[in-house]
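Reader: I'm new to this one. Please walk me through it, and tell me what the labels rest on.

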Amino acid sequence: MIVVAAMIGYLIGSIPTAGWIGRAVGIDLRSGGSQNPGANNARRLGGARLAAAILIVEIGKGFGAVVAGVAIAGPQGGVAAGVGALAGNVYNIWYRFEGGQGLGISAGILLAAWPLYFPIALGVIAAVTYVTRRTAKAALAAMVVLAVGAVISFTVGYPSGWGLGDPEVAALAVGIIAFITPKQLVKLRSA
């Protein structure tokens, strides 16, 4: 059932909602700005309201994938579906296995799967973005803090906020880091 949860998560994550929302207001996110179908590019091309709408939907997709995964296969299914949704967002079948940066959907995954870590990640991203004005640096800093949080959770039992045990928290962290970090390193090098 864990494989089923991961596959359902992938399908949820791959729904090209950012592109649909952009096109609904006359903006093709894949042909302008950074050509990334995400909230940051939407802000550049369409303003804060468009970015907020896309971010809310992406968070909802991540959250929904985790909830669906838990319903299918318990906490392990939640992690599998969450990481699957992130994979679907970053390597989107509808965009020839290219896609977004995965940050919005990761926020929803963390909010559902590890709610006590979510404000820490949000704080790190906000602080580093404010100081550096670079979302790639902020995302990479958040990945470092996520790794540290997972190690702390695994060694001393930092609580997840609900049902995830230490192995699930570690698997979630590894999955998020594995999909987010390469995209952000490419983005950082190309800037």
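Author: Let's start with burial: buried means under 20% relative accessible area, exposed means over 50%, and partly exposed is anything in between (1.4 Å probe, protein chains only). The model is predicted, so local features need pLDDT of at least 70 and side-chain atom pairs pLDDT 80 or more, while totals for chains, interfaces and linings use all residues. Residues are numbered from 1 along each chain as its sequence is written, and side-chain values use heavy atoms, leaving out hydrogens and water.

Reader: Why is Ile-93 called partly exposed?

Author: Ile-93 has a relative accessible area of 42%. That value lies between the 20% and 50% limits, so partly exposed is the right label. You'll find Ile-93 in the loop between H4 and helix H5 (103–113). The helices here are DSSP runs (H or I, at least four residues), numbered from the N terminus.

Reader: What makes Ile-180 buried?

Author: Its relative accessibility is 0%, which is under 20%, so Ile-180 counts as buried. Ile-180 sits in helix H8 (residues 166–190). Its C-alpha is 8.1 Å from that of Leu-140, though the two are 40 residues apart along the chain.

Reader: And Val-57: buried, partly exposed or exposed?

Author: Val-57, in helix H4, has a relative accessible area of 29%, so it is partly exposed. From C-alpha to C-alpha, Val-57 and Ile-105 are 8.5 Å apart, with their positions 48 residues apart in sequence.

Reader: How do you know that Gly-33 is exposed?

Author: Its relative accessible area is 56%, which is over 50%, so Gly-33 passes the test. Gly-33 is in the loop between H2 and H3. Its C-alpha lies 22 Å from that of Ile-59, which is 26 residues away along the chain.

Reader: What makes Tyr-91, Ile-93, Trp-94 and Phe-97 a nonpolar patch?

Author: A patch of this kind takes nonpolar side chains (Val, Leu, Ile, Met, Phe, Trp, Tyr) joined within 5 Å, from residues with over 30% relative accessible area and no salt bridge. Ile-93, at 42%, clears the 30% limit. Together the four have about 460 Å² of accessible area, by the Shrake-Rupley method with a 1.4 Å probe and only the protein chains shown as cover.

Reader: What stands out about the phi of Phe-97?

Author: Most residues other than glycine have a negative phi. Phe-97 has a phi near 65°, a positive value in a residue other than glycine. Phe-97 belongs to the loop between H4 and H5. Arg-133 has a positive phi too, near 60°, and is found in the loop between H6 and H7. With a relative accessible area of 60%, Arg-133 is exposed.

Reader: Why is the contact of Lys-61 with Glu-58 called a salt bridge?

Author: The rule asks for a side-chain nitrogen of Lys or Arg within 4 Å of a carboxyl oxygen of Asp or Glu. The closest N and O atoms of Lys-61 and Glu-58 are 3.2 Å apart, so the pair fits. A search of the whole structure finds one salt bridge. Being three residues apart in helix H4, the partners are separated by about one helical turn. Lys-61 is buried at 9%, and Glu-58 is buried at 7%.

Reader: What makes an empty space a cavity, and what makes it a pocket?

Author: On a 1 Å grid over the protein atoms alone, a cavity is a set of points where a 1.4 Å probe fits but cannot get out; a pocket is an open set with protein on both sides within 12 Å along at least five of seven lines. Lining residues have an atom within 4 Å of a point. Points are joined across faces, edges and corners, and volume is the space filled by probe spheres set on them.

Reader: How many cavities are counted here?

Author: One, at a cut-off of 30 Å³ or more. The largest cavity has a volume of about 60 Å³. Its lining has 14 residues, the closest to the centre being Pro-16, Pro-37, Asn-89, Asn-92 and Tyr-95. Helix H2 (17–24) and helix H4 (48–90) each supply at least two lining residues.

Reader: What is the volume of the largest pocket, and what lines it?

Author: The largest pocket holds about 1,200 Å³ of space. It is lined by 47 residues, with Asn-40, Gln-101, Leu-103, Gly-104 and Thr-135 nearest its centre. H4 gives the largest share of that lining, seven residues.

Technical notes:
Patches are made of residues with over 30% relative accessible area and no salt bridge: like charges are joined within 9 Å, nonpolar side chains (Val, Leu, Ile, Met, Phe, Trp, Tyr) within 5 Å.
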